[in-house]
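Student: I'm new to this one, so could you pick a single part and take me through it closely? Please explain the terms as you go.

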Amino acid sequence: MQASQYSSYLTQAKALSIRQGATRSQLAQVAALEAQAAADKATISRKLTQAKSVNALEKANVRGLMLATGLAYVCLIEIFAPLAGQWFRSPDVTEGVRIICFVILCQPLALTATVSLLRKLRARDVALAELLSSAAGLLAVTLPMALAGEGWRAIVFGVLAQIGLRTVLLCWFAREAITV
């Protein structure tokens, strides 16, 4: 993990939590956890991309293990979501955390599809999936909901739509079934 990435995560965590009275050590812990999660995903992706060969069984194993880990994270998030609501003194945070945690379950599918495309040197398809999903999530979900006065729900459901569409597009471009 590069120092600049850690610093970036710390800055983001500070900006989000400064109003809530979090201490610097708590912010550093949050930043460290976020940085480690990003590094773990990047490591798996890099190892799969750089391997001499990756067969369907190996991809299925990676998807299965990541899905199992994701389910464990989702369970933990579901258990501790009420604590987030108490920490931020807002019961709406609990609902938002519980909803957004399902993004974790799309990551194994998107990761293996991205690796397949990158191994075939089809980075253009990856970029196109990113662009289309970002535009669709923003224009079709986030903006209409925000204009309708939905507040934080607009962002949460916009991200869910973006990640879901990105996963479907990546699997379609890679010609991979959305299975484990």
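Tutor: Let's start at L121, which counts as exposed with a relative accessibility of 77% (exposed means over 50% relative accessible area, buried under 20%, partly exposed in between, using a 1.4 Å probe and protein chains only). L121 sits in the loop that links α5 and α6. Its phi is near 60 degrees, a positive value in a residue that isn't glycine.

Before we move on, bear in mind that this is a predicted model, where local features need pLDDT of at least 70 and side-chain atom pairs count only at pLDDT 80 or more, while totals for chains, interfaces and linings use all residues. Residues are numbered from 1 along each chain as its sequence is written, and side-chain values use heavy atoms, with hydrogens and water left out.

Now step back from the loop. The chain has 7 helices and 0 strands (helices are DSSP runs of H or I of at least four residues, strands are E runs of at least two, and both are numbered from the N terminus). Read from the N terminus, the order is α-α-α-α-α-α-α. Of the 180 residues in the chain, 30% are buried.

On one side of our loop is α5, residues 103–119, and T114 belongs to this helix. Unlike L121, which is exposed at 77%, T114 is buried, with a relative accessible area of 11%. If you ignore the neighbours within four places in sequence, T114 is in contact with V126, R166 and L170 (contact means heavy atoms within 4.5 Å). Contacts that reach along the chain turn up elsewhere too: among those between residues at least 6 apart in sequence, 72% join residues at least 24 apart.

On the other side of the loop is α6, residues 123–147, whose axis comes within 8 Å of the axis of α7, with a crossing at roughly 155 degrees. The axes are lines fitted to C-alpha atoms, for helices over the stretch in contact, and the angles run from 0 to 180 degrees between N-to-C directions. The two helices, α6 and α7, are therefore roughly antiparallel to each other (over 145 degrees; under 35 is roughly parallel, 65 to 115 roughly perpendicular and the rest oblique). Where α6 meets α7, the contact residues divide into 16 nonpolar, 6 polar and 4 charged. Here Ala, Val, Leu, Ile, Met, Phe, Trp, Tyr, Cys and Pro are nonpolar, Asp, Glu, Lys and Arg are charged, and the others, Gly among them, are polar.

Follow α7 and you'll find I155 in it. I155 is exposed, at a relative accessible area of 56%. Its C-alpha atom is 9.7 Å from that of I100, although the two are 55 residues apart along the chain.

I100 takes us to α4, residues 91–100, where T94, G96 and I99 are buried. The cover over the buried residues of α4 includes α3 (56–87) and α7 (152–174). The axes of α3 and α4 come within 7 Å and cross at roughly 150 degrees. That angle makes α3 roughly antiparallel to α4. On the α3 side, the contact uses I77, E78, A81, P82, A84 and G85, and on the α4 side V93, T94, V97 and R98. By kind, these residues are 6 nonpolar, 2 polar and 2 charged. Notice that T94 appears twice in this story: it is buried, and it is one of the α4 residues in the contact with α3.
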